[in-house]
Amino acid sequence: MPAAPDIPEPVRFDDADPATAYNRVWFNLLRIQRSMAPRISRALKGAGIEDPVWYEILLEVEKAGAEGIRMAELESRLFVAQYALSRHVARIEAAGFVRRDGQEEGRRGRTLFITGKGLGLHDSIWPAYVEAIQSELRHRLSTDEAYALCRLLIRLYP
């Protein structure tokens, strides 16, 4: 069993206004994402996809099965803005991993389907993704701390 990471002394905050803690949470979440995302993205590019959100899109589209998934539903599941989702889907479609069908009145009304080329791609990407994520976090958090943090972060979902 790997040794628990060294735990630094607790950071002390001497904010005049305790509500500043909420600001600190926000900015720390942003900085953590920006600091880790480039290395994780590089690992995924090596596995064949251009962006970490592609993994989530491919997984959701494949899980939807033969009925596919509407863009609006995908947007709400992944918390990705419509314009960004449309851009990613266009690139994933150009790579041949998904196809779009449906109403032409707007992109949100269109349905996505997995293609033969995209089928199971998330499974082949997963080992590289797991290694990249764990290499970023395992030396910073014990597994108990990781689960505790997950419980806190889940409370932040809308």
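# A walk around a predicted protein chain

A compact globule of 158 residues would have a radius of gyration near 15 Å, but this protein chain comes out at 19 Å. That radius is taken over C-alpha atoms, and the globule rule is 2.2 Å times the number of residues to the power 0.38. You're looking at a predicted model, where local features need pLDDT of at least 70 and side-chain atom pairs count only at pLDDT 80 or more, while totals for chains, interfaces and linings use all residues. Residues are numbered from 1 along each chain as its sequence is written, and side-chain values use heavy atoms, with hydrogens and water left out.

**Stop 1: the whole chain**

Show the cartoon. The C-alpha trace spans about 55 × 40 × 25 Å along its principal axes. You should find six helices and three strands, in the order α-α-β-α-α-β-β-α-α along the sequence. Here helices (H or I, at least four residues) and strands (E, at least two) are DSSP runs, numbered from the N terminus.

Now switch on the surface. The protein chain exposes about 10,900 Å², and carbon and sulfur atoms supply 57% of that. Accessible areas come from the Shrake-Rupley method with a 1.4 Å probe; for residues, only the protein chains shown count as cover. Buried residues make up 28% of the 158 residues. Buried means under 20% relative accessible area, exposed means over 50%, and partly exposed is in between (1.4 Å probe, protein chains only).

**Stop 2: strand β3**

Select residues 110-114, which form strand β3. How many of the five residues in β3 are buried? Five of the five are, so the strand is mostly covered. Turn on the side chains: R110, L112 and I114 point one way, while T111 and F113 point the other way.

Next, add residues 69-70, strand β1, which pairs with β3 in the antiparallel sense over two bridges. Two strands count as a pair if DSSP finds at least two bridges between them. To spot one partnership, pick I69 and look for L112, its bridge partner in β3.

Stay in the strand and click T111. T111 is buried, at 13% relative accessible area. Leaving aside residues up to four places away in sequence, T111 touches E67, G68, I69, R70, R99, R100 and D101. A contact means heavy atoms within 4.5 Å. Across the protein chain, residues 24 or more positions apart account for 58% of the contacts with a separation of 6 or more.

**Stop 3: opposite charges**

Two of T111's contacts, R99 and D101, are worth selecting together. The side chains of D101 and R99 meet in a salt bridge, 2.2 Å from N to O. A salt bridge is a side-chain nitrogen of Lys or Arg within 4 Å of a carboxyl oxygen of Asp or Glu. Side chains of opposite charge can pair when their charged atoms come close. D101 is partly exposed at 36%, and R99 is partly exposed at 38%. The count for the model comes to nine salt bridges.

Hop to helix α2 (residues 52-64) and pick K63 and E60; they are separated by about one helical turn because they sit three residues apart in the helix. K63 forms a salt bridge with E60, with the closest N and O atoms 3.3 Å apart. Which of the two is buried and which is exposed? K63 is exposed at 56%, whereas E60 is buried at 11%.

Then select R77 and E73 in helix α3, four residues apart, about one turn of the helix. Their side chains also meet in a salt bridge (2.8 Å, N to O). R77 is partly exposed at 41%, and E73 is partly exposed at 34%. Show E60, K63, E73 and R77 together, and you have a network of salt bridges.

**Stop 4: a loop residue**

Just along the chain, click F79, in the loop between α3 (71-78) and α4 (82-94). Its phi is near 60 degrees, a positive value in a residue other than glycine. F79 counts as exposed, at 56% relative accessibility.

**Stop 5: a nonpolar patch**

Finish by selecting V25, L29, L149, L152, L153 and L156, which make a nonpolar surface patch of about 490 Å². Patches are made of residues with over 30% relative accessible area and no salt bridge: like charges are joined within 9 Å, and nonpolar side chains (Val, Leu, Ile, Met, Phe, Trp, Tyr) within 5 Å.

Which helix gives the most to the nonpolar patch? That's α6, with three residues. Both α1 (20-47) and α6 (143-154) supply at least two residues each. For a last click, try L149 in α6, which counts as partly exposed at 37% relative accessibility.
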